[in-house]
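Visitor: I am new to this structure and should like a close look at a single part of it. Please choose the sheets and what surrounds them, and take me through that part in a connected account.

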Amino acid sequence: MKYLSTRGLPPQPEFCDILLGGLAPDGGLYLPERYPQVTRAELDAWRSLSYADLAFAILSKFITDIPPGDLKTICDKTYTAEVYRFARSGDAAADITPVHWLEPGRLALLELSNGPTLAFKDMAMQLLGNLFEYVLERRGQHLNILGATSGDTGSAAEYAMRGKHGVRVFMLSPHGRMSAFQRAQMYSLQDNNIFNIAVTGMFDDAQDIVKAVSNDAAFKAKYAIGAVNSINWARVAAQIVYYFKGYFGATRSNDEQVAFCVPSGNFGNICAGHIARQMGLPIGRLILATNENDVLDEFFRSGVYRPRRAAETHVTSSPSMDISKASNFERFVFDLVGRDPAVVAELWKQVEAGGAFDLRGTPHFARLPEFGFASGRSTHADRLATIRDAWARWGVMIDTHTADGVKVALEHGGGDMPVVVLETAQPAKFAETIREALGREPERPAELDGLETLPQRVEVMAPEAEAIKGFIARHVDA
Ligand SMILES: *Cc1c(COP(=O)(O)O)cnc(C)c1O
């Protein structure tokens with residue numbers, strides 16, 4: 001399988017060539033040159049596969065430059081009941097992503113947050129860790145991942161890369177601004193390839209440092225600086241798998257249709273759902289849910305994509321969806337405009353100049369219904385009401401992001417098909433809002449009791465790029 005850029009760059013790399021990078025050299029995002037089509041016979045055969053076997057079957061269609069035996073080993077090692085051991089429903093861990101019915105046949109949760117950091121980002125990041133180690137070793141290379149996090153992404157990256165050969169992680173976080181649980185998750189890691197740096201500033205300061213360091217081409221090359229951000233194609237590819245698994249879990253036959261409702265920020269998760277649907281999975285509807293940061297809901301309702309300025313971003317109680325622009329959205333728009341890179345390049349020229357684009361009245365907007373999207377938004381008050389409601393009606397404690405999904409799913413309904421809401425995190429990560437909604441502490445896996453009392457390893461530093469470069473250089477050269 002060859003890959004292309006949404007902005008039209010001609011060279012056609014393969015999967016391993018783009019695995020370790022970010023944007024394509026022309027500023028676009030990578031996508032496969034075509035979406036592999038799944039036959040009815042394949043769907044029938046896949047229905048009973050384990051998660052690891054299903055991952056292998058699907059990823060084989062996108063990854064043709066790793067020998068099948070090796071890819072199988074990587075999938076087997078990634079998707080084990082041991083890694084995804086925080087399932088709340090009995091022996092469901094073996095399923096990796098169990099379907100939990102709230103209203104049988106009508107409304108379900110797809111549990112995606114049973115991995116080490118209790119958020120769905122583990123699903124893709126754990127695969128990335130094993131792929132990185134494999135490819136780096138094969139090429140005799142090493143990589144120093146530099147990132148900034150406000151919580152979920154950084155911890156998922158660290159738990160995926162800990163102890164991996166050839167990889168170090170330097171993760172910047174805003175000092176004193178994450179929850180005690182999130183800090184403990186990251187800073188308690190003692191692996192000598194993981195470096196936590198708490199920057200005395202905000203998330204944006206941390207982000208600016210990452211940009212400044214990455215723009216220093218000489219430093220970047222000398223120290224093999226890389227990233228694991230949400231535009232990484234391998235992360236999207238890994239996420240396609242659970243749409244299939246969730247579909248099989250929620251249906252009895254491949255004649256049925258399902259709607260998925262996806263709490264969304266950067267459009268990575270739901271982009272994988274879009275691709276699964278393009279491959280032929282019977283997804284009747286893709287319902288996108290946002291919080292108060294509703295740039296995507298606005299697009300699907302109006303046809304206008306208007307990224308916000310960073311200062312316009314609302315700080316909400318579903319913080320992992322607090323985005324001003326959706327970094328993966330360009331992938332969907334590429335398909336929407338008939339895969340014409342010239343149109344995408346023109347639209348993003350407007351976006352990158354700080355503007356917006358408006359597809360109303362274009363043939364592209366007229367095609368939107370073919371893609372099966374619906375959307376809605378949720379607010380803090382909705383979130384609290386939905387968490388209370390879920391607890392009272394179904395005895396289920398849901399996290400704040402999942403609550404945004406459930407709220408929008410109930411609003412839209414699936415008509416005659418079941419709606420499966422993607423559960424993107426466990427409530428333990430967002431205790432403050434759970435206390436506000438329910439007046440009690442969130443449930444947490446017993447193994448993580450006392451996490452906050454473990455010794456922590458973190459460097460507190462001023463938000464200065466030169467100082468951070470010095471820190472990286474010292475630890476890489478050592
Ligand atoms: C990252 C994240 C999201 C948003 O996912 P996108 O792929 O950015 O749309 C939603 N919920 C949680 C808990 C997350 O960590």
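Guide: A residue counts as buried under 20% relative accessible area and as exposed over 50%, with partly exposed in between. By that cut-off alanine 446 is exposed, because its relative accessible area is 62%. The model in view is a predicted one. Alanine 446 is found in the loop between α18 (431-438) and β15. Its C-alpha atom is separated by 9.1 Å from that of phenylalanine 86, although the two positions lie 360 residues apart along the chain.

The loop leads to β15, and with that strand to the sheet I propose to examine. Five strands form this open sheet, in the order β8-β5-β6-β7-β15, and the pairing is parallel. β8 (225-226) and β15 (459-461) stand at the edges; each has a single partner strand, so one side of each is left without a neighbour in the sheet. β15 runs parallel to β7 (residues 194-199), and three bridges join the two strands. Within that pairing, isoleucine 197 has glutamate 459 of β15 as its bridge partner.

Two helices pack on this sheet. Helix α6 (residues 152-161) touches β5 (143-148), β6 (167-174) and β7, and its direction makes about 160 degrees with that of β6. Helix α8 (residues 203-215) also touches β5, β6 and β7, with a direction at about 145 degrees to that of β5.

Helix α6 deserves a further word. Nine of its 10 residues are buried, so α6 is largely enclosed by the rest of the structure. The buried residues are Asp152, Gly154, Ser155, Ala156, Ala157, Glu158, Tyr159, Ala160 and Met161. Their cover includes α5 (121-139), β5, β6, α7 (180-187) and β7. Just after α6, glycine 163 takes a positive phi of about 75 degrees.

Tyr159 of this helix also has a place in the lining of a pocket. It is one of the residues nearest the centre of the second largest pocket, together with Arg85, Pro116, Arg162 and Leu189; 16 residues line that pocket. The space in the second largest pocket is about 360 Å³. Its lining comprises nine nonpolar, two polar and five charged residues.

Within the sheet, phenylalanine 170 offers a view from the inside. Its place is in strand β6. Phenylalanine 170 has a relative accessible area of 0% and is therefore buried. Setting aside neighbours within four places in sequence, phenylalanine 170 is in contact with Asn144, Ile145, Leu146, Gly147, Phe195, Phe471, Ile472, His475 and Val476. Alanine 431, in contrast, is 27 Å from phenylalanine 170, C-alpha to C-alpha, and 261 residues from it in sequence.

At the β8 edge, the loop between α9 (217-222) and β8 holds alanine 224. Phi of alanine 224 is near 45 degrees, a positive value in a residue other than glycine. Most residues other than glycine have a negative phi. Isoleucine 96 likewise has a positive phi, near 65 degrees, and is not a glycine. Isoleucine 96 is found in the loop between α4 (68-78) and β3, and at 3% relative accessibility it counts as buried.

With β3 we come to another sheet. This open sheet has six strands in the order β3-β4-β14-β9-β10-β13, and its pairing is mixed. Its edge strands are β3 (99-103) and β13 (373-377), each of which pairs on one side only. From one strand to the next, the twist averages 25 degrees.

Strand β9 is part of this sheet. Six of the six residues of β9 are buried, so the strand is largely enclosed by the rest of the structure. Val258, Phe260 and Val262 point one way from β9, whereas Ala259, Cys261 and Pro263 point the other way. β9 and β10 pair in the parallel sense over six bridges; proline 263 stands opposite alanine 289 in β10. Strand β10 (residues 283-290) in turn pairs with β13 in the parallel sense, over five bridges. There, leucine 286 has phenylalanine 373 of β13 as its bridge partner. Helix α10 (residues 233-250) lies across β3, β4 (107-111), β9 (258-263), β10 and β14 (419-423), and runs at about 130 degrees to β9.

Notes. Residues numbered from 1 in each chain as written. Predicted model: local features only at pLDDT ≥ 70, side-chain atom pairs only at ≥ 80, totals over all residues. Heavy atoms only, no water. Pairing = 2+ DSSP bridges. Helix = DSSP H or I, 4+ residues; strand = E, 2+ residues; numbered from the N terminus. Contact = heavy atoms within 4.5 Å. Axes fitted to C-alpha atoms, helices over the stretch in contact; angles between N-to-C directions. Buried < 20%, exposed > 50% of the residue type's maximum accessible area, 1.4 Å probe, protein only. 1 Å grid on protein atoms, 1.4 Å probe; cavity = no way out; pocket = protein on both sides within 12 Å on 5 of 7 lines; lining within 4 Å. Points joined across faces, edges and corners; volume = space filled by probe spheres on them. Nonpolar A, V, L, I, M, F, W, Y, C, P; charged D, E, K, R; others polar.
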